[in-house]
Structure formats: C-alpha cells, structure tokens
Amino acid sequence: MSSAALPASHPLVDGRTAAAPLVAALRRQKPSHRPVWFMRQAGRSLPEYMEARAGTSMLEACLTPGLASEITLQPVRRYGVDAAIFFSDIVVPMRIAGVPVDIQPGVGPVFARPIRSMADIEALPDLGVTGDRGSFDTGLDAVREAVKLTVEELETTPLIGFAGAPFTLAAYMVDGRPSRDHLGARELMHTAPDVWEALVRWTSKAAGLFLRAQVLAGASAVQLFDSWAGSLSEADYETHCAGGSRAALTAVADLDVPRIHFAANAGHLLDALGAAGATALGVDYRMPLDAAARVTGGAFALQGNIDPAMLSAPVATLMRHVQDVLDRGSEAPGHVVNLGHGMPPHADPEVVKRIVDLVHERG
Ligand code: 1CP
C-alpha cells in the first residue's frame with residue numbers, strides 16, 4: 001500500500017516521524033529503542049493539566065485547538081515518551097455532529113437522549129460523505145487545527161490519533177452513561193438487531209471520519225479504542241461488532257498509517273480484533289505479552305501491558321514488573337510499551353518518569 005494519499009507535508013511523508021521508534025515498532029521493523037507511551041498520559045495525574053483545564057469543561061477543552069494541543073504536549077515534555085496521544089475523547093465526534101452529550105466530572109460521557117429505537121437512529125444527525133463540506137466535516141476543523149498545531153511542536157515525535165470503536169460508543173449511547181456490564185447495548189443487539197446494525201453503521205462512520213481527519217492533519221498512527229468489547233462473547237463480537245470496527249479502521253487503511261486496536265479484558269478476542277483491520281494489538285494487563293504473541297502467531301505488533309495498579313507498588317516491585325513486560329514483549333514482532341489500561345488519576349508523575357527512563361535504558 002502506498003502513502004500517496006497523505007499530503008507531502010505529513011510527518012510520515014516528509015520524514016519527521018518515518019523512522020520514529022513508535023512507527024518502526026508498530027510496523028514490525030527494528031526501532032532504535034523500545035518505544036513507550038501511556039494511555040491517558042494527559043489528564044488528572046498532571047498538575048499542569050489541572051491548571052490548563054481549570055474553568056473549561058472537558059468537551060470545550062477538546063474543541064479549543066490551542067488548549068487541546070497544549071494538553072497533548074504536556075506529557076511529552078514531562079516524560080519524554082515516544083508518542084503523544086491526541087487530547088480528545090471518544091464522544092467528541094458525537095458532540096461535533098450535534099448529538100446532545102456531555103462529559104460529567106467524576107462520571108464520564110452522559111447522553112441526554114439514549115438510543116432505543118429505529119426512530120432514535122433516524123433522528124441522529126447526518127454525517128455527510130467523505131470529502132464534502134457538510135456541518136460535520138466543518139465541525140472537524142477544530143480537530144484538524146488542534147492536530148496541526150500539535151504536530152508542528154512535536155517535530156520527530158509521532159502523534160497518535162484515536163476514536164472509539166462502535167461497540168464502546170454504543171455502550172454509552174444506548175445506556176446513556178457509563179455502565180458496568182454494558183447490558184443495554186448487549187440487549188439491543190439481540191432484541192432489535194436491525195436497530196443495533198443501524199447504530200453500528202452510524203457510529204462506525206463517525207469514528208472513521210474522525211480518524212481520517214486526524215491522520216490527514218498529521219497523526220502518524222491511530223488507535224481504535226474498543227475498550228468495552230471484552231464484555232462480549234467472541235461470537236457476539238464477530239456477528240455484531242467486528243464489522244463496525246473494520247469499517248472505522250478501513251476509513252484510514254489507504255493512508256498507510258499503523259492501526260492499533262485495543263480492548264480491555266479481551267484475551268479471547270485477540271484474533272477477532274486483529275482480523276478487523278488492525279496492524280497492531282493493544283493487550284491489557286491480564287494476558288502476558290508472550291502468550292499474546294503466540295496466540296496471534298507473530299502477525300501483529302503488540303502494545304502493553306504494565307498493570308496500572310503496579311504504579312502504586314514499591315519501586316523495586318514495579319521495576320521488576322516492567323522488566324518482565326519488556327522480556328515478554330520481546331517475543332512479539334514489534335513491541336510498544338504501555339499500560340494495560342488507562343493511567344490512574346492518582347498516578348505519581350515521578351514514578352511514571354522512572355518507567356520511561358527504565359524502558360529507554362533497558363529496552
Ligand atoms: O491522555 C490520553 O490518553 C488522551 C485523551 C483521552 C482518550 C484517549 C481521553 C481524555 N479520553 C480518551 C478515550 C476514552 N474516553 C475511552 C477509551 C480509553 C479507555 O478505555 O480508557 C473511553 C472509554 C472514554 C470515555 C470516558 N471519557 C470516560 C470513561 C467513563 C467510564 O465508562 O468509566 C471518562 C471518565 C471520560 C472523560 C475523560 N476523557 C479524557 C479525560 C482526561 C477525561 C476526564 C475528564 C475530566 O477531567 O473530567
């Protein structure tokens with residue numbers, strides 16, 4: 001596949017990030033050192049984030065290009081990580097489309113009108129088609145601007161763009177708010193498969209357009225967060241969700257950027273996640289990376305999987321755990337060190353910095 005569709009000024013094309021350790025590892029080539037970044041590396045664990053965010057709501061911050069860019073850059077400056085993850089949220093495309101959604105502090109995404117019926121789906125805003133200048137595409141300009149500002153500052157450090165996978169988005173849109181077992185979404189796929197399918201079509205289109213905007217504006221890799229897919233059986237994932245994730249990832253497949261697919265608690269889904277159009281797989285902390293490499297037959301670069309709970313352990317215990325992750329990760333054809341899920345808000349930045357230094361020394 002060629003990268004002809006990326007603009008000549010894109011960091012992968014003009015060479016800034018083409019040889020970056022993150023990109024090399026994700027492409028299963030030999031990086032100069034083992035790359036490391038952390039899911040939720042920006043956010044409440046950083047005092048500079050708390051200061052920058054003060055007085056601005058989460059979604060307003062995401063849609064204010066200068067602020068979103070500044071927050072994206074903070075963990076790169078502080079930790080020297082090998083990638084920035086774009087500061088945004090999986091529900092940002094819904095907000096841009098005009099769906100009434102908010103992120104409530106201490107709760108998470110809350111949708112004012114949960115999706116229950118075909119009439120609810122028909123009332124969802126039209127997303128337009130790729131390349132048009134409809135209101136969704138125009139709304140994405142704030143995202144493009146934030147990505148551009150960020151990439152200019154990052155120089156040789158790649159920016160990772162992301163989107164929520166259709167199941168994870170639907171888990172919020174159907175229940176209306178965070179839920180433990182995502183029962184509403186799982187019920188809908190069985191009680192009203194036509195409504196479910198229509199919702200997956202809409203969410204995968206929104207996710208695909210969101211990813212594509214980030215890549216064309218300068219992101220050097222993408223991650224699809226299928227965070228809650230682990231609550232599905234493999235059969236339900238295959239039948240009702242994989243197609244939507246495949247559609248979202250396919251939206252950037254022609255741009256030849258590495259595509260990471262992550263789900264938590266999903267050892268049983270690794271094959272299915274890979275088959276949905278990913279080039280790399282995020283592995284949570286429950287499955288050792290050498291086991292994940294065996295299961296996936298060496299076909300995918302792997303990302304993970306420091307247990308976030310270990311960040312609170314005595315330093316010697318944590319460092320032994322990180323070394324174990326490095327050892328097991330070397331069984332994969334490419335390994336990007338990360339946490340097995342998001343950074344806890346009370347993580348100590350000093351401890352996080354020690355992990356980055358250890359990975360750079362030993363990896
Ligand atoms: O640093 C980063 O990783 C970048 C920013 C980022 C990302 C990648 C944020 C900022 N959100 C996300 C993705 C996201 N959002 C996911 C997938 C990642 C994962 O599995 O953890 C999910 C499930 C969400 C939904 C969401 N948004 C939640 C979880 C709610 C639940 O069900 O438990 C929450 C708390 C949010 C709000 C949010 N998003 C991001 C931040 C920093 C925050 C907290 C906002 C605040 O300050 O109140």
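**Figure 1. Helix H9, residue by residue, in a predicted model.** Start with the buried residues of H9: Pro166, Phe167, Thr168, Leu169, Ala170, Ala171, Tyr172, Met173 and Val174. That leaves this helix mostly covered, with 9 of its 10 residues buried. Right after H9 comes Gly176, and its phi is positive, near 85 degrees. Keep in mind that everything shown here and below comes from a predicted model.

**Figure 2. Where H9 meets helix H10.** Two packed helices are described by the angle between their axes and the distance between the axes. Here H9 (residues 166–175) packs against H10 (residues 183–191) at about 100 degrees, and the axes sit 7 Å apart. Angles of 65 to 115 degrees count as roughly perpendicular, so that's the label for H9 and H10. On the H9 side, the contact is made by Phe167, Ala170, Ala171, Val174 and Asp175. H10 brings Leu183, Gly184, Ala185, Arg186, Leu188 and Met189. Sort the residues of this contact by class and you get 8 nonpolar, 1 polar and 2 charged.

**Figure 3. A close-up of His240 in helix H12.** His240 lies in H12, which covers residues 234–250. Leaving aside residues up to four places away in sequence, His240 touches Met189, His190, Trp196 and Val200. Met189 may look familiar: it's also one of the H10 residues in the contact with H9. Pro193 is 47 residues from His240 along the chain, yet their C-alpha atoms are separated by 8.3 Å.

**Figure 4. The largest pocket and its lining.** Rolling a probe the size of a water molecule over the atoms shows where empty space is left. The largest pocket has a volume of about 1400 Å³. It takes 38 residues to line it, and Arg40, Arg44, Met58, Asp89 and Gly108 lie nearest the centre. Helix H2 (47–53), strand S2 (101–104), strand S3 (108–111) and our old friend H9 each put at least two residues into this lining. H2 has the largest share, with 3 residues. As for chemistry, the lining of the largest pocket splits into 21 nonpolar, 13 polar and 4 charged residues.

**Figure 5. The second largest pocket.** This one comes in at about 200 Å³. Of its 14 lining residues, Lys30, Pro31, Arg34, Gly334 and His335 are closest to the centre. By class, the lining of the second largest pocket has 4 nonpolar, 7 polar and 3 charged residues.

How values were computed: Residues numbered from 1 in each chain as written. Predicted model: local features only at pLDDT ≥ 70, side-chain atom pairs only at ≥ 80, totals over all residues. Heavy atoms only, no water. Helix = DSSP H or I, 4+ residues; strand = E, 2+ residues; numbered from the N terminus. Contact = heavy atoms within 4.5 Å. Axes fitted to C-alpha atoms, helices over the stretch in contact; angles between N-to-C directions. Parallel < 35°, antiparallel > 145°, perpendicular 65-115°, else oblique. Nonpolar A, V, L, I, M, F, W, Y, C, P; charged D, E, K, R; others polar. 1 Å grid on protein atoms, 1.4 Å probe; cavity = no way out; pocket = protein on both sides within 12 Å on 5 of 7 lines; lining within 4 Å. Points joined across faces, edges and corners; volume = space filled by probe spheres on them. Buried < 20%, exposed > 50% of the residue type's maximum accessible area, 1.4 Å probe, protein only.
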